[in-house]
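Dear colleague,

Please find below the structure I am handing over to you, together with its sequence. My findings come after it, and I would be grateful if you read them with the coordinates open.

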Amino acid sequence: MRLVSRAQWGARAYRLPSGGTLYAGARRGVKIHYLGTAYADRPHEQCAAYVRQIQAQHMDGNGWSDIGYSFAVCTHGYVYEGRGLRRRNSANGSTSLNNQDYAVLAMVGSSGLTVPTSAQLHGLRDAIDHCRREGPAGPWLGGHRDGYATSCPGDWLHAWAHRGAPRPDTEEDDVPLTPDDIQRIAHGVWAWRNEAIDKRDMRQFVADAANHGRAAAVSGAAAVSGLGELGARLAEIAVPQLSDTHITALADQLAASPAFRDAIREGLADAVADKLAARLKD
């Protein structure tokens, strides 16, 4: 875990006595949060300043005794110590909820950057494991909205938490796809290909196509957990790193579409085109 201590990110001293309140007993688990405002990604060198900005808003704007979260995780996967393992957080909505679960913030917003990066998912998982191992925190895992009326941490992170917070690039993170999901992904990719493939960098094309598919999924709640999560995965990983599971699933459903097959061969990275072409021949 890439832990950034309070001293390292330049935290202000918390106010006493409330800032020094300890948890009463073991925690049930961990709640995941997001910022709830627009957020734009930034170089890692600027992340500590942003955490200081959050602390200032909580202390000077909200009148709290410290930053509200137990930990905060930036898009680069670093885990910033907030109130930490011993001091009760103030982010979950009430004293009883704050005492019940740790509060871990993903530095993504309700607009702008809304889906965590792969590095950030690893960092969030590191923070969860740290809370369980050292806290102690029990096995329960969910979002701020569980037990409190809020949209936080957004649909994507809420679904991820309830899937057990799997790390990316592992077998358990492969998204189960229905035939309908795959057809919708194909249509999204094909639409983007027709619009902008000629002058667009191939990696950017794939990221844009994935975002197009993800936006379509958000408009239909039933598709969010499948298409939305795959769209986020495609947007975050380099083209040659697409998993065999995803390539196989796409190929199985789209073998009867010569136009899409040709678009894949023409437009995507050689590594993916070769894998898909080989699968289509099987």
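The notes that follow go from the overall make-up to the nonpolar core, the salt bridges and the cysteines.

Overall make-up

Please bear in mind throughout that this is a predicted model. The protein has 282 residues, and buried residues account for 50% of them. Its secondary structure consists of 11 helices and 8 strands. When contacts between residues at least 6 apart in sequence are considered, 70% of them join residues at least 24 apart. The accessible surface is about 12700 Å², and carbon and sulfur atoms contribute 51% of that area.

Nonpolar core

The largest nonpolar core contains 45 residues. Within this core, V30, Y80, V104 and L157 have the most contacts. At least two core residues come from each of the following elements: β2, α2, β4 (71-73), β5 (79-81), β6 (101-106), α4, β8 (137-143) and α5. Both helices and strands are therefore represented in that list.

L157 may serve as a starting point for inspecting this region. Which residues is L157 in contact with, once its neighbours within four places in sequence are set aside? They are I32, H33, Y34, A106, V108, P116 and L124.

Salt bridges

A search of the whole structure yields 10 salt bridges. Two of the pairs described here have D60 as the acidic partner, and a third involves D126.

R12 pairs with D60, with the closest N and O atoms 3.0 Å apart. R12 is located in the loop between α1 (6-9) and β2 (27-33), whereas D60 belongs to helix α2 (residues 47-61), so this salt bridge ties together parts that are 48 residues apart in sequence. R12 has a relative accessible area of 33% and is partly exposed. D60, at 51% relative accessibility, counts as exposed because the threshold for that class is over 50%.

R15 also forms a salt bridge with D60, here with 3.8 Å between the closest N and O atoms. This pair again links distant parts of the chain, with R15 in the loop between α1 and β2, D60 in helix α2, and the two positions 45 residues apart in sequence. R15 counts as partly exposed, at 34% relative accessibility.

The side chains of R167 and D126 meet in a salt bridge with an N to O distance of 2.7 Å. R167 lies in the loop between α5 (155-162) and α6 (179-196), and D126 lies in helix α4 (residues 118-134), so the pair links distant parts of the chain, 41 residues apart. R167 is partly exposed, with a relative accessible area of 25%. D126 counts as buried because its relative accessibility of 18% is under the 20% limit. Salt bridges with shared partners join R125, D126, D129 and R167 into one network.

Cysteines

How many disulfides does the structure hold? The number is 0. For C47, the nearest cysteine sulfur is that of C74, 4.0 Å away. A disulfide requires the two sulfur atoms to be within 2.5 Å, and C47 is therefore in no disulfide. C47 counts as buried, at 0% relative accessibility. C131 is likewise buried, with a relative accessibility of 0%.

With kind regards

How values were computed:
Residues numbered from 1 in each chain as written. Predicted model: local features only at pLDDT ≥ 70, side-chain atom pairs only at ≥ 80, totals over all residues. Heavy atoms only, no water. Buried < 20%, exposed > 50% of the residue type's maximum accessible area, 1.4 Å probe, protein only. Salt bridge = Lys/Arg side-chain N within 4 Å of Asp/Glu carboxyl O. Helix = DSSP H or I, 4+ residues; strand = E, 2+ residues; numbered from the N terminus. Core = buried A, V, L, I, M, F, W, Y, C linked by side-chain atoms within 4.5 Å. Contact = heavy atoms within 4.5 Å. Areas by Shrake-Rupley, 256 points an atom, 1.4 Å probe, with all protein chains shown as cover.
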